[in-house]
Amino acid sequence: MGQLFHSVLLIEEKCRGCTRCIKNCPTEAIRVRAGKARINAERCTDCGECIRTCDNYAKTAITDPLSRLKDYEYAIALPAPALYSQFGPDVDPATVLAALIDMGFDDVFEVAYGADISTFLTVEYLRRNKRKGPMISAACPAVVRLIQVRFPALIDSLIPVDSPMACSGKLAKEAKSRELGICEGKIGAFFITPCPAKVTWVREANNLGSFAVDGAISISDVYGEVAKRLPEVIPPYPKPKASSAGAGWGRTGGERIAAGIGKSLVVDGIHNVIDVLEQLEMGKLSDIRFVEAQACTGGCVGGALTVLNPFIGRMNLEALVARLETPPNLFEELDIDLNLLRRFDEFAIKPQIVAVPAFRLDQDVSRAISKAEMIEKVVNELPGLDCGSCGSPHCRALAEDIVQGLAVDTDCVFKLREEIEILAEQLFEMAKKSPPALKDNDAFSKPWE
Amino acid sequence: MRLEFPVAGRDFQAAGGAAQKIKRTLRQIGIDAETARRVGIVAYEAEMNIVIHAFSGKVGVDILPERINVFAYDQGPGIADIDLAMQVGYSTAPEDIKEMGFGAGLGLPNMKRYSDNLVIESEVGCGTSIRAVINLPTKEGS
């Protein structure tokens, strides 16, 4: 099954079995076992939080190597807007695109331009959709996965239009196939990604038969190659197509600014996102129309596969956004060029978003209820210090693991100490006892005195 | 099974915590997302009412094979006119709490909206007790 592929993985040799990652994982997907962190594939959202928090650099992300370009007759790079932010405040996007071509890509298609298309589709979707209440952007794949795993009631609130990446891949391949007269299968579209969640998304879509994008190469892998070419490359296009608003998608707030939807809420950082989703699930914030939620602090510029500090990246991207322009009739132009209104349904999100019941205790509800009852009992007997020494993120998680047969109560160092204390007392009591043959005042012999 | 959590009046820091724990357990049991959401909302509103109006109280759920009962009871001022309190927008929350964005007069109406049955008993000067029933979807319906 495709859904079990994950970009985020552990480098065994580097893991020291500390508790940092298990405590920061937003879906409690990690346990330390035998001195190594283990990631539960069903729960992992590929948000990259563990990559960021690991001091030993033991978490990494599988991305596609540049050698995969050779698998295709024609390879197109799809650079995320966040890529521009990595090379200082004055970089010209045209030179970044030129550097990518110089590196070995046959062509480029700006995902910032794809972002303009996603903005168009989002606005159009909200116009067509009569459903009241807040609708959530589905552009951040880690947020989408988080909703699938932890907030299934909010799946219907996701805006089901293609992400900038998917729009770019689809249109780039379509256009090149027509231009070159080769079938789309021979054209490879590679996203230059700021985050592992996009890698997973691409792989999963491929496994389910959707090939808008064929691979994802990390920003950190192309960074050096692009940086060294920037001073001398000659841009292939005099002027990139993306608008200022499209480029702005690379940082938090960019979607909201681009879409210009009245009452919007913008949130970033996966733990802040969880707080907001909790409130949305409670039916709060009902007067808000649009929610932009980004798993990474700062948005895509803060992705785990970027090179620069998120805040510096953000500053650089802001400078670029200020230099670029957004034409007042952007949407009309897009529609004339790409016929988006008529083709609206072709840009429905793929793969379809379904609930992932990764927290379910048992397939059978009554068995699940009795397990839940046992968890309450077990958790009351644990110290409640949430130290993580047992390898589970907190006492409740250990209780759940115990009930599921994945741990035992003496995995808790305090429970173990308690039991040792009891045992020691028993030993001490036993040590004081001696057989009657060794005792002096023997009551047994008294009657014979 | 029963889950029960103490709720302290005016403790806005911890407010919502009980409802979150209840939702966590419902998710683990495999209660469908929509029912879990309804239970979460009813429990949250009940919890918030205690935080806003009462001195202290408890909120909890009984999880049964065919339905979920949400219950809450508190020691507090009680509700003088329950019919009036059920009206959207009616609130007796103090000004300082309204300034925090609470007390919009939606709590009880929301509880009624998201439950299949709601019973409120209250005595002025003593406290309030609330019982709400949320039926699980039947096999044919789901």
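**Exercise 1. Surroundings of a helix**

State which elements of chain A are included in what covers the buried residues of H9(A), and on how many sides of the helix those residues lie.

Solution. The cover of the buried residues of H9(A) includes helix H3 (81-84), helix H4 (93-103), strand E8 (187-193) and strand E9 (215-218) of chain A. The model is a predicted one, in which local features need pLDDT of at least 70 and side-chain atom pairs count only at pLDDT 80 or more, while totals for chains, interfaces and linings use all residues. Residues are numbered from 1 along each chain as its sequence is written, and chains are lettered from A and ligands numbered from 1 in the order in which they are written.

Step 1: fix the terms. Helices (H or I, at least four residues) and strands (E, at least two) are DSSP runs numbered from the N terminus. A residue is buried if 20 or more other C-beta atoms lie within 10 Å of its own, exposed if 12 or fewer, and partly exposed in between, with C-beta atoms placed from the backbone.

Step 2: list the residues. In helix H9 (residues 219-229) of chain A, Ile219(A), Val222(A) and Val226(A) are the buried residues.

Step 3: view the axis. These residues cover an arc (taken from the directions from the helix axis to the C-beta atoms) of only 75 degrees, which puts them on the same side of H9(A). An α-helix has 3.6 residues a turn, so residues three or four places apart point the same way. The exposed residues Gly224(A) and Lys228(A) are carried by the face of H9(A) turned away from its buried side.

**Exercise 2. A second helix of chain A**

Determine what span H13(A) reaches, and why its buried residues are said to line one face.

Solution. Step 1: compare the spans. Helix H13 (residues 310-323) of chain A has 14 residues and reaches 20 Å from its first C-alpha to its last, close to the 20 Å expected at 1.5 Å a residue; the expected span is 1.5 Å times one less than the number of residues.

Step 2: list the buried residues. They are Pro310(A), Gly313(A), Arg314(A), Asn316(A), Leu317(A), Leu320(A) and Val321(A). The buried residues of H13(A) fall within an arc of 165 degrees seen down the axis, so they line one face of the helix.

Step 3: find the partners. The buried residues of H13(A) pack against H3 and helix H10 (244-247) of chain A.

**Exercise 3. Where the chains meet**

Establish how many residues of chains A and B are in contact, and which element of chain A gives the most.

Solution. Step 1: count. Contact (C-beta atoms, placed from the backbone, within 7 Å) links 17 residues of chain A with 17 residues of chain B.

Step 2: assign. On the side of chain A that touches chain B, helix H12 (270-281) and helix H15 (365-381) of chain A are the elements giving two or more residues. H15(A) gives the most, with 6 residues.

Step 3: classify. With Ala, Val, Leu, Ile, Met, Phe, Trp, Tyr, Cys and Pro counted as nonpolar, Asp, Glu, Lys and Arg as charged, and the others, Gly among them, as polar, this side has 11 nonpolar, 2 polar and 4 charged residues.

Step 4: examine H15(A). Its 17 residues reach 25 Å from first C-alpha to last, close to the 24 Å expected at 1.5 Å a residue. Ala368(A), Ile369(A), Ala372(A) and Ile375(A) are buried in H15(A), and they line one face of the helix because they fall within an arc of 110 degrees seen down its axis. Ser366(A) and Lys377(A) are exposed on the other side of H15(A).

Step 5: name the packing partners. The buried residues of H15(A) pack against helix H16 (395-403) of chain A together with helix H1 (17-29) and strand E2 (56-63) of chain B. Arg396(A) has its place in H16 of chain A. Between Arg396(A) and Ile375(A) there are 7.6 Å, C-alpha to C-alpha, although they are 21 residues apart in sequence. Arg396(A) is partly exposed, with 19 other C-beta atoms within 10 Å.

**Exercise 4. Domains of chain A**

Give the domains of chain A and describe the contact of domain 1 with domain 2.

Solution. Step 1: list. An automatic or database domain assignment divides chain A into domain 1 (2-61), domain 2 (66-130 + 162-249 + 299-347) and domain 3 (366-432).

Step 2: relate the pair. The C-alpha centres of domain 1 and domain 2 of chain A are 28 Å apart. Their contact takes 13 residues from domain 1 and 13 residues from domain 2.

How values were computed
Contact = placed C-beta atoms within 7 Å.
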